[in-house]
Amino acid sequence: MLGYFDPLLPDELLHGAIARTARLAGLSPHRDMPRAILGKHTRQFGVCFPTHGEAFLANIPRHLRYDANTLFSHSLYPAFAPFLEDCQREQVQGSILDGKTRGWLCGESHDPLRYCPSCAAHDLQRYQFVYWH
């Protein structure tokens, strides 16, 4: 279990908070954080849709009071959900929680995240650092 996890910011992707927490704790986001959160170094969190959310929720500090809805809202799920059928929404939610249907909605595309200079300047002024949202 992690003794510390940096709180999620408004509209922040979970992936960003995990990377920030790793940096603040001096851990490798690719090797140490999955091991600290999930108990295994072979698992990774997706950028679009995090996976293994149940393990994540069980291994972060309890005072954060995060739940499944926290995971859903800090992913791209809210943007995609209106366009999905009920069975697809259930499949994505299941994947976020247990990781069994990893990343099917994002496909195999690995497009880079986009950078907005004015958003970055606003974040830097308000939060003293920049984050993906």
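Helices here are DSSP runs of H or I with at least four residues, strands are runs of E with at least two, and both are numbered from the N terminus. With that in hand, welcome to a predicted model whose protein chain has 7 helices and 0 strands. The chain has 133 residues, and buried residues make up 36% of them. Below are its overall build, its first helix, its charged and aromatic pairs, its cysteines and two backbone angles to look at.

**Overall build**
- Reading from the N terminus, the elements run α-α-α-α-α-α-α.
- Among contacts with a separation of 6 or more, 53% are between residues 24 or more positions apart.
- About 8,200 Å² of the protein chain is exposed, and carbon and sulfur atoms supply 55% of that area.

**Helix α1 and its surroundings**
- Helix α1 has 12 residues and reaches 16 Å from its first C-alpha to its last, close to the 16 Å expected at 1.5 Å a residue.
- Which residues of α1 are buried? They are L14, G16, A17, I18, R20, T21 and A22.
- The cover over these buried residues of α1 includes α2 (32-38), α3 (53-58) and α4 (68-73).
- Just after α1 comes G26, which takes a positive phi of about 75 degrees.

**Salt bridges**
- How many salt bridges does a search of the whole structure find? It finds 4.
- One of them joins the side chains of R20 and D6, at 2.4 Å from N to O. This pair links distant parts of the chain, with R20 in helix α1 (residues 14-25) and D6 in the segment before α1, 14 residues apart.
- R20 also meets E12 in a salt bridge, again side chain to side chain, at 2.4 Å from N to O.
- Are the residues of these two bridges buried or exposed? R20 counts as buried because its relative accessibility is 5%, under the 20% cut-off. D6, at 11% relative accessibility, counts as buried too, and E12 is buried with a relative accessible area of 0%.
- Elsewhere, the side chains of D86 and R89 meet in a salt bridge at 2.2 Å, N to O. D86 and R89 are 3 residues apart in helix α6 (residues 86-98), so about one helical turn separates them.
- As background, an α-helix has 3.6 residues a turn, so residues three or four places apart point the same way.
- R89 is partly exposed because its relative accessible area of 23% falls between the 20% and 50% cut-offs.
- Back at the N-terminal side, D6, E12 and R20 are joined into one network by salt bridges that share partners.

**Aromatic pairs**
- A search of the whole structure finds 3 aromatic pairs.
- In one of them, the ring centres of F72 and Y77 are 5.6 Å apart and the planes are at 45 degrees, so the pair is tilted. That angle lies between the cut-offs of 30 degrees for stacked and 60 degrees for edge-to-face.
- F72 counts as buried at 10% relative accessibility, and Y77 is buried with a relative accessible area of 9%.
- Y127 and Y131 form an edge-to-face pair, 5.5 Å centre to centre with 75 degrees between the planes.
- Y127 is buried with a relative accessible area of 19%, and Y131 is buried at 10%.

**Cysteines**
- How many disulfides does the structure hold? The count is 0.
- C87 is exposed, with a relative accessible area of 54%, whereas C119 is partly exposed, with a relative accessible area of 35%.

**Backbone angles to look at**
- Most residues other than glycine have a negative phi.
- D11 has a phi near 65 degrees, a positive value in a residue other than glycine. D11 lies in the segment before α1 and is exposed, with a relative accessible area of 61%.
- Q128 likewise has a positive phi, near 70 degrees, and is a residue other than glycine.
- Where is Q128 placed? Q128 sits in the segment after α7 (117-127), and at 60% relative accessibility it counts as exposed.

Technical notes
Residues are numbered from 1 along each chain as its sequence is written. This is a predicted model: local features need pLDDT of at least 70, side-chain atom pairs count only at pLDDT 80 or more; totals for chains, interfaces and linings use all residues. Side-chain values use heavy atoms; hydrogens and water are left out. Buried means under 20% relative accessible area, exposed over 50%, partly exposed in between (1.4 Å probe, protein chains only). Contact means heavy atoms within 4.5 Å. Accessible areas come from the Shrake-Rupley method with a 1.4 Å probe; for residues, only the protein chains shown count as cover. Rings of Phe, Tyr and Trp (its six-membered ring) pair if their centres lie within 6.5 Å; planes under 30 degrees apart count as stacked, over 60 as edge-to-face and the rest as tilted. The expected span of a helix is 1.5 Å times one less than its number of residues. A disulfide is a pair of cysteine sulfur atoms within 2.5 Å.
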